[in-house]
Amino acid sequence: MIRRLFWLTLGAVLGVAGYRRAVALTRGASPSRRALGAARFVADVRDGMAIYLERHPGRVSSTLESHRGTGAGAPLTGPVDSSGDVKDGR
């Protein structure tokens with residue numbers, strides 16, 4: 001009985017160790033699914049940007065450029081409280 005338990009345990013240990021080694025070798029030999037997914041995502045983004053640039057020619061001003069008149073010296077606008085100060089929404 002003890003001899004059978006020994007061989008059963010040895011077989012299980014060698015099987016698990018062999019399986020782990022085989023999995024490690026296959027992962028190292030072929031690119032992972034995550035890397036392939038990332039490559040597809042990058043290709044999709046590049047294609048999408050190319051389509052976007054075809055449909056929207058010319059340079060569009062950024063949001064910062066459209067707010068040039070609202071710097072430090074510009075008058076504040078918005079709701080006013082009872083003391084005459086502009087409310088900032090907090």
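This protein has two helices and zero strands. What you see is a predicted model, so take every value I quote as computed from that model.

I'll start with the overall exposure. The protein has 90 residues, and 1% of them count as buried. About 9000 Å² is exposed, and carbon and sulfur atoms supply 61% of that area.

Next, the surface. Which residues make the nonpolar patch? They are Phe41, Val42, Val45, Met49, Tyr52 and Leu53, and the patch they form covers about 590 Å². Take Tyr52 from that group. Tyr52 sits in helix α2, which runs over residues 33–55. Is Tyr52 buried or exposed? Neither label applies: its relative accessible area is 44%, so Tyr52 is classed as partly exposed. The class follows because buried means under 20% and exposed means over 50%.

Now the aromatic contacts. The structure holds one aromatic pair. Phe6 and Trp7 form that pair, with 5.1 Å centre to centre and 70° between the planes. The geometry counts as edge-to-face because the planes are over 60 degrees apart.

How accessible are the two partners? Phe6 has 48% relative accessibility and therefore counts as partly exposed. Trp7 has a relative accessible area of 54%, so Trp7 is exposed. The two residues fall on either side of the 50% cut-off for exposed.

To recap: two helices and zero strands, 1% of the residues buried, a nonpolar patch of about 590 Å² that includes Tyr52, and an edge-to-face pair formed by Phe6 and Trp7.

Technical notes
Residues numbered from 1 in each chain as written. Predicted model: local features only at pLDDT ≥ 70, side-chain atom pairs only at ≥ 80, totals over all residues. Heavy atoms only, no water. Patch = residues over 30% accessible without salt bridge, like charges linked within 9 Å, V, L, I, M, F, W, Y side chains within 5 Å. Areas by Shrake-Rupley, 256 points an atom, 1.4 Å probe, with all protein chains shown as cover. Salt bridge = Lys/Arg side-chain N within 4 Å of Asp/Glu carboxyl O. Helix = DSSP H or I, 4+ residues; strand = E, 2+ residues; numbered from the N terminus. Buried < 20%, exposed > 50% of the residue type's maximum accessible area, 1.4 Å probe, protein only. Phe/Tyr/Trp six-rings, centres within 6.5 Å; stacked < 30°, edge-to-face > 60°.
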